[in-house]
Structure formats: C-alpha cells, structure tokens
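Student: Got a minute to go through a fold with me? I'd like to start with the sheets and then see what packs on them.

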Amino acid sequence: MFEKIPLSHYEPHKRLTSKQLTDKELNDKKYGDGNLPNASFSLMGSVESFQIPPITDYALEHLFHLQAFTLFHYQAPSYTERQNYPSFLIAFTYSGTGSLTYRGKTYSLSKGDCFFIDCMDYHLYKVDKGRWDVAILHVQGPLCKELYAQFAKNGSFVFHESPEGKFQQYLEKVLSIYSSAQLYRDWQASSCIDVLLTYLLIPTRIHTEETEIPQNIRFLIKYMENNYQSHMSLDYLAEFACINKYYLSREFKKYTGFSPNDYLISLRINAAKNLLLNTALPASKIAHEVGIHDINNFTTLFKKKVGMTPIQFRNSSTLFS
C-alpha cells in the first residue's frame, strides 16, 4: 500500500519529545496551526511523511482539505496527548497494537481498527508494547463539525475494516490527487475527502444486517414518493407500515434523517418547485396539485424550505434562465 504515493522517510536517532522543541518549532505552521502548542508527545520509531502542496485560501475556508498525513511506525512507549486543536483526526492501524483514550473511554486498537475523533476534545493515543504501524490523517472543512456530529451518533468512535478495504482506496486517492499537479486540484481533493468522510458515516461497514432499512419502511418511503399528493396522516402511514405510529416516527428518522411529516413536506415542496419552474400554473393551483390545500400554509412551508416565497422563487429562476 502507498506504493504510488511519494512519502519521505525519517528515522530519528533518539526519542523525540515535545519538551525538546523550541518555541519557534512549536509554532511552525507546517505542523498545523495550533497543533504542537496544544500537544504533549514522546515518539520513538520511524515516520513516512507526506508533503502537502500549497492549498488556496479559498479551499482552506470553503472546502474539505487535508491538513497532514503521516504513516507512523511507533515503538513503545510512544504517545501523543492533545486537545484544543481545530482538526478532525482519522487513524488506521495496519499492524501492531495501540490504544485511544477519548471522551471518557479507552479503546484497544489492533490491525484493521480505525478511529475518527475531534481534536478539540482531549485525546491520548499510544503504544504500550512492541510496535504500532498507524496512518494519521488530519482533515478540516466547513462541514466537518456537522459531519462528525452525525458520525458520533453511531455510538462508537472506532470501527474495523480490512486494510485493503474502501477506506484505504479513498485515502490513497486523496493523496494521489495532492501529489500531482491537476486542474482544480483543491476541488478534486475536497470531493474525494467528502466521499471518504461520508463513508465513515455508513454503519453497514460493521453490521449490514442490523442497519439495512427494514422492508416496511422502504415500501412506505416508495409509497410516499409516488403518492405525496394524497392525504397522509401519521396514523395512516403507521397503518400502512403495520407498526405503532410512535415507533414509526423513531424508525423513519433513524433511516432517513426526517420525520415522516417532514419527508412528506419536502416531497411536496420539491414537486412545487418543479411546477413553478416548468409551468405557468398559479401558486394556488400548484399548492393543490402537490397536496397542500391551504395557500397560506403552502407559502409558509415553501418559504421555510426554500428561503423565499413561491412567486419569488419563480421570478428569481426566470431572471437566470
């Protein structure tokens, strides 16, 4: 792995600790703004580091971007202890054993174990004996905080998969993009990091049979998408799915991110947007067409979802057509 990625090998002759660094070294931006001043570490072993090319100010502010990537070959008793660093860290174990302490729990890590953490929170990762080969990836971007909040809902900050799995493929793709001059490189890298981070959200990596959307929920979603114009109360939807309405509300949001009513409203508003753009029907008629029979309610819901009234939406779209 990483055969096609340019990595620089470094093997210090003695243990490297945070206490040895000068103030200038601690504040060197190449290690990440705020990284070393907020960390304590003691490191033994060798390092394979990746040189990140210059990233535009626009990308730093608006896109997902790589802050650092290093392949560590830790020797015991190496450790890194840190907090208050604006970064999100992904670490993947290729061989050996290590441990992570994060948010009040300690996790043992072995081959194939990966963790995803927010470096603003206190964390400690270390190797107690032998050797630990681990990739350390720091990423940042405007949506990282929100995406991480979704990941944290899985209940664990550690997951497991084969070193030859999709995570490794996505990781090498990101590094490959950064390692060669490409048109819109920052945008391509951001897109790839987005795919990698989204992949971390998918619990099917661990328990496919436990996370597949139940058949009755899938059928209900399809029914709603094909019949959104019809009247659909929560009681009616629960009867269709053959489950209690309170249980339906929990299950529906678990698998879609929406309550049944919010999902239905989104279907209706999306249909209304299409009719506003492609027909000359008045808004009052469109409201009835999509199943909302109170024009005032339609306008309120549309503005809440779209940020403007139906007429404003139609007019603004006409201006740019």
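Tutor: What follows goes through the strands, their pairing and the helices of this predicted model.

Student: OK, the open sheet of 7 strands. What's the strand order?

Tutor: The order is 1-4-5-12-7-10-13, and the pairing is antiparallel.

Student: Which strands stand at the edges there?

Tutor: Strand 1 and strand 13 (158-160) do. Each has a single partner strand, so one side of each is left without a neighbour in the sheet.

Student: And how does the twist average out from one strand to the next?

Tutor: It averages 20°.

Student: Let's look at strand 4. Is it mostly covered or mostly open?

Tutor: Mostly covered: strand 4 spans residues 45-49, and 4 of its 5 residues are buried.

Student: How many bridges join it to strand 1?

Tutor: There are 3, between strand 4 and strand 1 (residues 8-10), and the two run antiparallel. In that pairing, His9 stands opposite Glu48 of strand 4.

Student: What about strand 4 with strand 5?

Tutor: Strand 4 pairs with strand 5 (residues 65-75) over 5 bridges, again in the antiparallel sense. Val47 is opposite Phe72, which belongs to strand 5.

Student: Further along, how is strand 7 joined to strand 10?

Tutor: Through 5 bridges; strand 7 covers residues 88-96, strand 10 covers residues 113-118, and they run antiparallel. Leu89 faces Ile117 in strand 10.

Student: Now helices. Which strands does helix 3 lie across?

Tutor: Helix 3 (residues 144-152) lies across strand 7, strand 10 and strand 12 (131-140). Its direction is at about 130° to strand 10.

Student: And which strands does helix 4 touch?

Tutor: Helix 4, residues 166-178, packs on the sheet and touches strand 5, strand 7, strand 10 and strand 12. The angle between its direction and that of strand 5 is about 120°.

Student: Switching topic: what's the order in the open sheet of 6 strands?

Tutor: That one reads 2-3-6-11-8-9, with antiparallel pairing.

Student: Which are its edge strands?

Tutor: Strand 2 (16-17) and strand 9 (105-109); each of them pairs on one side only.

Student: Then how many bridges are there between strand 2 and strand 3?

Tutor: Strand 2 and strand 3 (residues 39-43) pair over 2 bridges, in the antiparallel sense.

Student: Which residue is the bridge partner of Thr17?

Tutor: Ser42, in strand 3.

Methods: Residues numbered from 1 in each chain as written. Predicted model: local features only at pLDDT ≥ 70, side-chain atom pairs only at ≥ 80, totals over all residues. Heavy atoms only, no water. Buried < 20%, exposed > 50% of the residue type's maximum accessible area, 1.4 Å probe, protein only. Helix = DSSP H or I, 4+ residues; strand = E, 2+ residues; numbered from the N terminus. Pairing = 2+ DSSP bridges. Axes fitted to C-alpha atoms, helices over the stretch in contact; angles between N-to-C directions. Contact = heavy atoms within 4.5 Å.
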